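This report walks through selected features of a two-chain model, moving from individual helices to single residues and then to each chain as a whole. The sequence and structure come first.

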Amino acid sequence: MTKTMRAALSLLAVTVALNTGVAVAAGDTARGENIATQGNGAGALACTTCHGPDGKGNAAAGFPDIAGLNADYLSKQLHDYAEGTRKSPIMQPFATALTEDDIQSLSAYYQSLQSPVSAVAYRAPDPANQGEWLALRGDWDNLIPACNQCHGPNGMGVGNSFPALAGQHASYLKGQILAWRNGTRNNDPNHLMKGIADRLSEQQISAITEYYAALPEQLAGQAEEKENR
Amino acid sequence: MNLCKSFLSVAAISLPVLVVSTLVHAAEPEVDYQKQLPAAPEGQITFEPPQERDIPDNQYGDMVRKGRDLFVNTQQLRGKNVFNGQNCVNCHLDAGRIASSAPMWAAFGMYPAYRGKNDKVNTLSERLQGCFTYSMNGIPPEAGDETLVAMETYFHWLSTGAPINQALPGRGYTKLEKPEDGYDREHGAKLYTEQCAVCHGDDGSGQEVAGQVVFPPLWGDGAYNWGAGMHRVNTAAGFIKANMPLGKPDSLSNQDAWDLAAFVNSHERPQDPRRRNQESLDSTANTFHNHDGFYGKEVEGKRLGDHDNYGENPGVASK
């Protein structure tokens, strides 16, 4: 994500770049890679054990894809696990074992990995496609804004507070929405996400999580179609 | 305010083109289009616009969809009719369907409207042109332009079954009683940092991703200008209370909404375009700003609106 984003930004005027909130991560990427592949020797296992060699995670096991996520978002999550505002028996001990420097380096490293989506030009959603409709238009009768209003065009993430959803494993996405509902995840700024998680129906949760999980493939398909035309 | 470097470079490139092409003046905005709407009638909001899956598959339907797309993605007219970072949907939420944000189905049947102030009848097209001039800091499409036709066709479809020439409950923005002790922009500043900056940015310039506006700018060059209805404190207070923070409607107290509106609207933004035909800031303020706003007022030692920065708007349309 970040690579494509930076490339796009450098084409734009400097003034625009200043407004995007894309910060260059503070941590040391090489050091981050080292910990990610070997652990920190103080209790944090190699992240790659679960999140995979490329950070893409594992759908079946519920290990999220963390490649290309914003560094500030990543470091906030690691702090939140350590503090318990986001509860995970798996991540909590690792997060606690990391020093501040480890966290910054790991976050910089994972931000630097390629994520699968970038924004495309506006395209009207299909009312018959429930997931796509929720992502682009929401369900205002039930006070649910469009997910992309906060998570960005194509769910590619916005700045340092709104993570990318596109390409994330459906099982993980679903798990997080349920975690907000049952209170085990209680770390969103001003509860911006919680209310939305509460108002989604079971059926909407399935539709939207499957939509985002499949989005990169779908977009690639569309791009190919265009080229072949 | 960053007197847009990008605009200057654009201007430099397009200047020769402008000189060669016929210069046409932007429609002279002699009327106060952005005058506050009358209060909506009391009562339950019962009108429901049709569902988008029911837009017919014919040429009418195509025009409806075109109008909707222009309404939610008005940035496609950037540099032509739009000269800031706004889309119509930013202030008229859910593609102009939501009752608490001046819905288009409540507007459609109310035009043409007689305006005592200038003893004239104003059409819906003129109303839309006003929105382009002020909210979009733009140069309005001319009457009959396909942009206006498409938008009006979309509003016509949204209003299916709505009465004509009869105000509906839910029109305009919620009117919020002004707090007895007035408003406090310093308290507004504190609330802004806590509740709004995560999206709209500490400096009010909003956020973009890959060149697309996600969170609209609230002040500065990318924002609505000094003539826009949203720059009035009372109007913004009503909007904020009912719609912000996004996804948490009606979570703020009346007082908080007023304080926030005062804070947001006491920042610089592009000049009121009517200033171009006025002698001074004072005459512009006296003629057009007899309402709850900060135009021409002194805030933190500086007089607001005392500049000739029209944002990206060049003031003339290229043909």
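## Helix H2 of chain B

In this predicted model, helix H2 of chain B covers residues 59–72, and at 1.5 Å a residue its 14 residues should span 20 Å; the end C-alpha atoms are 20 Å apart, so the expected and modelled spans agree. At the N-terminal end of H2(B), Asn58(B) acts as a cap, with a side-chain oxygen placed 3.1 Å from the backbone nitrogen of Tyr60(B).

The buried residues of H2(B) are Gly61(B), Val64(B), Gly67(B), Arg68(B), Asp69(B), Leu70(B), Phe71(B) and Val72(B). Their cover includes three helices of chain B, namely H3 (93–96), H4 (104–107) and H6 (146–158).

## The crossing of H2 and H6 in chain B

One of the elements covering H2(B) is H6, and the axes of H2(B) and H6(B) come within 7 Å of each other while crossing at roughly 105 degrees. Because angles from 65 to 115 degrees count as roughly perpendicular, H2(B) is roughly perpendicular to H6(B).

On the H2(B) side, the contact is formed by Tyr60(B), Met63(B), Val64(B), Lys66(B), Gly67(B), Arg68(B), Leu70(B) and Phe71(B), while H6(B) contributes Glu146(B), Thr147(B), Val149(B), Ala150(B), Met151(B), Thr153(B), Tyr154(B), Phe155(B), His156(B) and Trp157(B). By residue class, this contact of H2(B) with H6(B) comprises 11 nonpolar, four polar and three charged residues. Tyr60(B), whose backbone nitrogen faces the capping side chain of Asn58(B), is thus also among the residues of H2(B) that meet H6(B).

## Helix H5 of chain B

Helix H5 of chain B, made up of residues 124–134, is mostly covered, with 10 of its 11 residues buried. The buried residues are Leu124(B), Ser125(B), Glu126(B), Arg127(B), Leu128(B), Gln129(B), Gly130(B), Phe132(B), Thr133(B) and Tyr134(B). Strand E3 (120–122) and H6 of chain B are included in what covers them, and H6 is also among the elements that cover the buried residues of H2(B).

## The packing of H7 and H10 in chain B

Helix H7 (residues 185–195) and helix H10 (residues 254–264) of chain B pack with their axes 7 Å apart, at an angle of about 90 degrees. That angle makes H7(B) roughly perpendicular to H10(B).

The residues of H7(B) that take part are Arg185(B), His187(B), Gly188(B), Ala189(B), Leu191(B) and Tyr192(B), and they meet Asp256(B), Asp259(B), Leu260(B), Ala262(B), Phe263(B) and Val264(B) of H10(B). The contact of H7(B) with H10(B) divides into seven nonpolar, two polar and three charged residues.

## Lys178 of chain B

Lys178(B) belongs to the loop between H6 and H7 of chain B, and with a relative accessible area of 43% this residue is partly exposed. Apart from residues up to four places away in sequence, Lys178(B) touches Tyr183(B), Trp258(B) and Asp292(B). With Asp292(B) there is also a polar contact between side chains, at 3.2 Å. Lys178(B) and Lys190(B), separated by 12 residues in sequence, lie 20 Å apart from C-alpha to C-alpha.

## Asn148 of chain A

Asn148(A) is found in helix H9 of chain A, which consists of residues 147–151. Its relative accessibility is 11%, and because the cut-off for a buried residue is under 20%, Asn148(A) counts as buried.

The side chain of Asn148(A) makes a polar contact with the side chain of Tyr212(A) at 2.6 Å, and a polar atom of that Asn148(A) side chain lies 3.4 Å from the backbone nitrogen of Gly155(A). Setting aside neighbours within four places in sequence, the contacts of Asn148(A) are Ala135(A), Leu136(A), Pro153(A), Asn154(A), Gly155(A), Tyr212(A) and, in chain B, Val214(B).

## The two chains

Chain A has 12 helices and zero strands, and chain B has 11 helices and eight strands. Of the 229 residues in chain A, 49% are buried, while the figure for the 319 residues of chain B is 58%.

Among contacts with a separation of 6 or more, residues 24 or more positions apart account for 65% in chain A and for 72% in chain B.

Key: Residues are numbered from 1 along each chain as its sequence is written. Chains are lettered from A and ligands numbered from 1 in the order in which they are written. This is a predicted model: local features need pLDDT of at least 70, side-chain atom pairs count only at pLDDT 80 or more; totals for chains, interfaces and linings use all residues. Side-chain values use heavy atoms; hydrogens and water are left out. Helices (H or I, at least four residues) and strands (E, at least two) are DSSP runs, numbered from the N terminus. The expected span of a helix is 1.5 Å times one less than its number of residues. Buried means under 20% relative accessible area, exposed over 50%, partly exposed in between (1.4 Å probe, protein chains only). Contact means heavy atoms within 4.5 Å. A polar contact is a pair of N or O atoms within 3.5 Å; within protein, one must be able to donate a hydrogen and the other to accept it, and residues adjacent in sequence count only if both atoms are side-chain atoms. Axes are lines fitted to C-alpha atoms, for helices over the stretch in contact, and angles run from 0 to 180 degrees between N-to-C directions. Angles under 35 degrees count as roughly parallel, over 145 as roughly antiparallel, 65 to 115 as roughly perpendicular and the rest as oblique. Ala, Val, Leu, Ile, Met, Phe, Trp, Tyr, Cys and Pro count as nonpolar, Asp, Glu, Lys and Arg as charged, and the others, Gly among them, as polar.
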